[in-house]
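These are my notebook entries on a few things I looked up, one topic at a time. I begin with a helix pair and then turn to the chain contacts and the strands.

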Amino acid sequence: MSKRDVAVIGVGYTSFNSLTPEVNWKELMFEAAQKAYQDAGIDPRKDVDSFITCAEDFWEGFSIFDEFTPDQLGAVLRPMHTVTGDGLLGLANAYMQIKTGLFDIVVVEAHSKISELLTYEDVVQLAFDPIYEAPLSGDVHPYYVAGLEMRAYLEATGTTEEQCAAVVVQHKRAAFFNPVAEFEAQLEIDDVMGSGYAFDPLKRLEIAPRADGSIVFVLAGGEIARRLRGCPVYLEGIGWSSESPWIAARSPYAEYAQRAAQRAYEMAGIQNPRREIDLAEVDDQFAFKALQHLEALGLARPGEAGPRMREGAFGPEGEMAVNRSGGSLGCGHLLEASGLARALEIVLQLRGEAGTRQIKDARVGVAQSWRGVPHGTGAVAVFSRRD
Amino acid sequence: MIEKPRGRPLTAEQMKQVPHVIARPKAQYAWAAGVAMSHFLEGLKQGKILGRGCKRCRRVLVPPRMFCERCFRSTDGWVELPGTGVIETFSISYIDTDANRIQDPIFVGVLAFDGAPPHCGIMHYFGEVTADEIHIGMPVEPVWKPEGERVGAITDIKYFRPRRDA
Amino acid sequence: MDLSKRRKDVAIVGAGMTLFSRRLLETGKEMSFEAAKMALDQAGLSLHDIDAVIVGSAPDAFDGVHKKGEWLLDGAGGVHKPYMRVFTGGGTAVFAPIAGWWHVASGLFERVLVICEEKMSSCQPHAQSAFAHIWDPILDRPLKPNLVWIFSMEMQRYMHKYNVRYEDIALVAVKNKRNAVGHPCAQLADPDITLEDVLNSEPMALPVRRLDISPPSDGASAVVLVSEDVAYDLVDEPVWIAGVGWCIDSTMWTNRDLAFPKFVAKAAKMAYEMAGIKNPKEEIDLAEPYDPFDYKELQHLEALGLAEPGEAAILTREGKTQRDGELPVCPSGGLLGVGNPIAATLGIKVGELFWQLSGQAGPRQVPGDPAVGVAQAWGDLMQFSSVIVLRRHS
């Protein structure tokens, strides 16, 4: 592989809100982009070689959303394209583009303007196979799949419902320290357990609420990043993988995350993730997913993430910091931007810019994404500080 | 080399007979118009065409936006345009939005507004004009709906018609 | 030379495509499988050998399936693999293989499969209903536009600015529909079509008439891309990706001069620079520009630097763009002749160049042993273009 390394030279983001009627999606993206370019100290009209946005047509309500993306990012008459995937898949493409040497600086944007979609459940339903699966679902909310997957995970690993509830407690508390988070709360496990089954065994409070927001990353070849930032955060490895689109054909262990992590760790030269990784930001669209993903990333053995979460091993005083951003449970689920929100926290922490939630001496962090019900696709990115 | 391409084509009749699932996607949205377009739509209600000026490239952006995509900076202020313009291009359409054939053709096109640099304009209908006389470069003016019927939409302008005075 | 920047050369070693047809019985997944299988067979590979899969498909609205890429996944061979979907509207046809290029050129993957699929017939009563959602909801949609409008307005502006005659534009439709006679996948091949047929076809949105437009279609295409390290193990004469380029123009389409597609010129410049092409008119042996409408082939030839603005119509009239002309253009039969299953036109753009440059185009083979070809696609709200230059080394 080309020896060129890749680093993050700028990040920009809006705050994450459940409603944003005051701006349209272009104005939302413009704000994040402006901040990212300022952070990187670059002029997008001159310095950026390629732009990527991460979006899905049905989230946005357009047949070809790609049309509506260049202006607000400064990408007019420049190379730009859409990845129909989450923000980490966008980063993967930027990483490869820089690795080829064709480009020096690449911008990745992902956003959610999901408050404008009035029929969220119906649109998620459209992601099921129209012939075999959709007719079976009838009028049931499509998140029933999360209930099915949670039960399979609990059965396979011996994880308890209380342990899953502990994820909600921890992530929503962490969100108090994140100024852009929308859904902070002071809860106890009993509050979560008593919130009622949404899709037995999944409780109401275990489902991440949705939020709007935009996040922009600026990536560059290592030699450029060192010139611009001195000591940048490096993207050391990135992997992505998909399981079968058929719900019945998937394992209870989030194999997509296992395979993605394997690739990312191999690229980053990580042999013992538990020892070498200081902080993790994992997808937690549903509370149990955080545990399942921690295990898939090799940060806990199968069945071990739950008890350790309950003991506080992943909390502020614990052995490994997990989702100090508040995760999707605390910040809100940002659809295709959730992966970038996880990566954003890693970058801020490694830079020492995480404010009151800053972790001491963080050097290596991992961010993970999952594309949500009903799919089995996800990505893993490893970042580091090398000073 | 393509030895034997695969795929089984169906006639329209066969298509109805093969097993299939019919579904109508339920996807509804309420898009925020945003800062720039909200103001623009308010302007239309009052019978005004409003643009945003960019001091750096000296353009008046119509349709307006809060940022200039060429300079990548926030735009500087509102500019009211006279509303007249010239036809940049046009089409005479014998099909409607669903590709159904129509008897009376629709005259549609892009116009560039006076008072703005070249190519700053919008798509709209043209009316009170014949197929023989419509041409690129033709001066046009808006025909507004009566004030009471305007709702803050692009259709507050019924169409643009030739400026017989110009 | 900065060794750390060195990228892998990328070759195409196999291509496949299904029939293009107004309606196919096969689902999107099944079509993807057929095209992928054919490409893999030609490369002498099995899915097991493939490191990553890149998929291209245009609007989800055609199928009414949200996250269409995820849905196509198993038909496209993406299970348990790194799987990526890129999307640039109609530009996807040539853009998906460009994404495949950087998967391999970066050194991350050695053998990748690129699949493009489109099933437009699922959208009832007409694919037009999906196109209604490509317009700006505030400015354009209240005017109840039809997609053809935007093309006719662009064509009108093009004819006006460069003084191009409709009769010359219509010759493109005649040429491509006749060329398609040699294509086994073609939907609208017609050996007997005449200029009069086009000129007298039904008016749609004037100046555009029925036969100026390529037909909606179902189909899938695939190519296999491999790195220089393994290319010669698989085939004797690989066809190399010598240059790639892409570019997007502003969303505000009414603020552009529609006569000349600047974004195509910029994408071409990028691809030519990478391929070391200084004089495209002399160095390029054949072209597969995107031809969803006949005038688009002309506009694209001009933006690709293969003709001066307004000159492509004259080249066409003089027969220079015929299969046996000086610069064969759309020898496949193009979208006008073979069909327009948006993203799946990969097979008649990049696929065709591959078959032509490796001497496998059969009855469509361009004479003179061509060595360098350019393919181009175009998409979004007439604002995006992707360009790829392919080259045979010997």
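Entry 1, a helix crossing. I looked up how helix α6 (residues 166-179) of chain C meets α11(C) in this predicted model, and I find that their axes come within 7 Å and cross at roughly 100 degrees. Since angles of 65 to 115 degrees count as roughly perpendicular, α6(C) and α11(C) are therefore roughly perpendicular to each other. On the α6(C) side I noted C:I169, C:A170, C:V172 and C:A173 as the residues that make the contact, and on the α11(C) side C:D294, C:Y295, C:E297 and C:L298. Sorting the residues of this contact by class gave me 6 nonpolar and 2 charged, with no polar residue.

Entry 2, the surroundings of α11(C). I asked how many residues of helix α11 (residues 294-303) of chain C are buried. I count 10 of the 10 as buried, so the helix is largely enclosed by the rest of the structure. Among the buried residues are C:D294, C:Y295, C:E297 and C:L298, and the list also includes C:K296, C:H300 and C:E302. Just after α11(C), I noted that C:G305 takes a positive phi of about 75 degrees.

Entry 3, chain C against chain A. The contact takes 53 residues from chain C and 47 residues from chain A. On the side of chain C that touches chain A, the elements that give two or more residues are α2 (68-72), β3 (83-87), α3 (92-105), α4 (128-131), β8 (239-248) and α9 (262-275) of chain C. Which of them gives the most to that side? I find that β3(C) does, with 5 residues. By class, the residues on this side of chain C divide into 25 nonpolar, 15 polar and 13 charged. I then followed β3(C) across to the other chain, where 2 bridges join it to strand β3 (residues 80-83) of chain A, the two strands running antiparallel. In this pairing I recorded C:V86 as the bridge partner of A:V83.

Entry 4, strand β8 of chain A. I looked up strand β8 (residues 233-242) of chain A and found that 10 of its 10 residues are buried, so the strand is largely enclosed by the rest of the structure. Strand β1 (residues 6-13) of chain A pairs with β8(A) in the antiparallel sense over 2 bridges, and here A:V8 has A:V233 as its bridge partner. With strand β12 (residues 377-385) of chain A, β8(A) shares 9 bridges, again in an antiparallel arrangement, and I noted that A:W240 stands opposite A:A379.

Entry 5, chain B. The contact between chains B and A takes 19 residues from chain B and 26 residues from chain A. Helix α2 (residues 34-45) of chain B supplies the largest share of the chain B side, 3 residues, and by class I find 14 nonpolar, 2 polar and 3 charged residues on that side. Within chain B, I also looked up an open sheet of 3 strands in the order β2-β1-β5, with antiparallel pairing. Its edge strands are β2 (59-61) and β5 (77-81), each of which pairs on one side only, and the twist averages 45 degrees from one strand to the next. Strand β1 (residues 49-54) of chain B is joined to β5(B) by 5 bridges, and B:G53 stands opposite B:G77. Last, I noted that α2(B) packs on this sheet, where it touches β1 and β5 of chain B, and that its direction makes about 145 degrees with that of β1(B).

Terms used. Residues numbered from 1 in each chain as written. Chains lettered and ligands numbered in written order. Predicted model: local features only at pLDDT ≥ 70, side-chain atom pairs only at ≥ 80, totals over all residues. Buried ≥ 20, exposed ≤ 12 C-beta atoms within 10 Å, placed from the backbone. Contact = placed C-beta atoms within 7 Å. Nonpolar A, V, L, I, M, F, W, Y, C, P; charged D, E, K, R; others polar. Pairing = 2+ DSSP bridges. Axes fitted to C-alpha atoms, helices over the stretch in contact; angles between N-to-C directions. Parallel < 35°, antiparallel > 145°, perpendicular 65-115°, else oblique.
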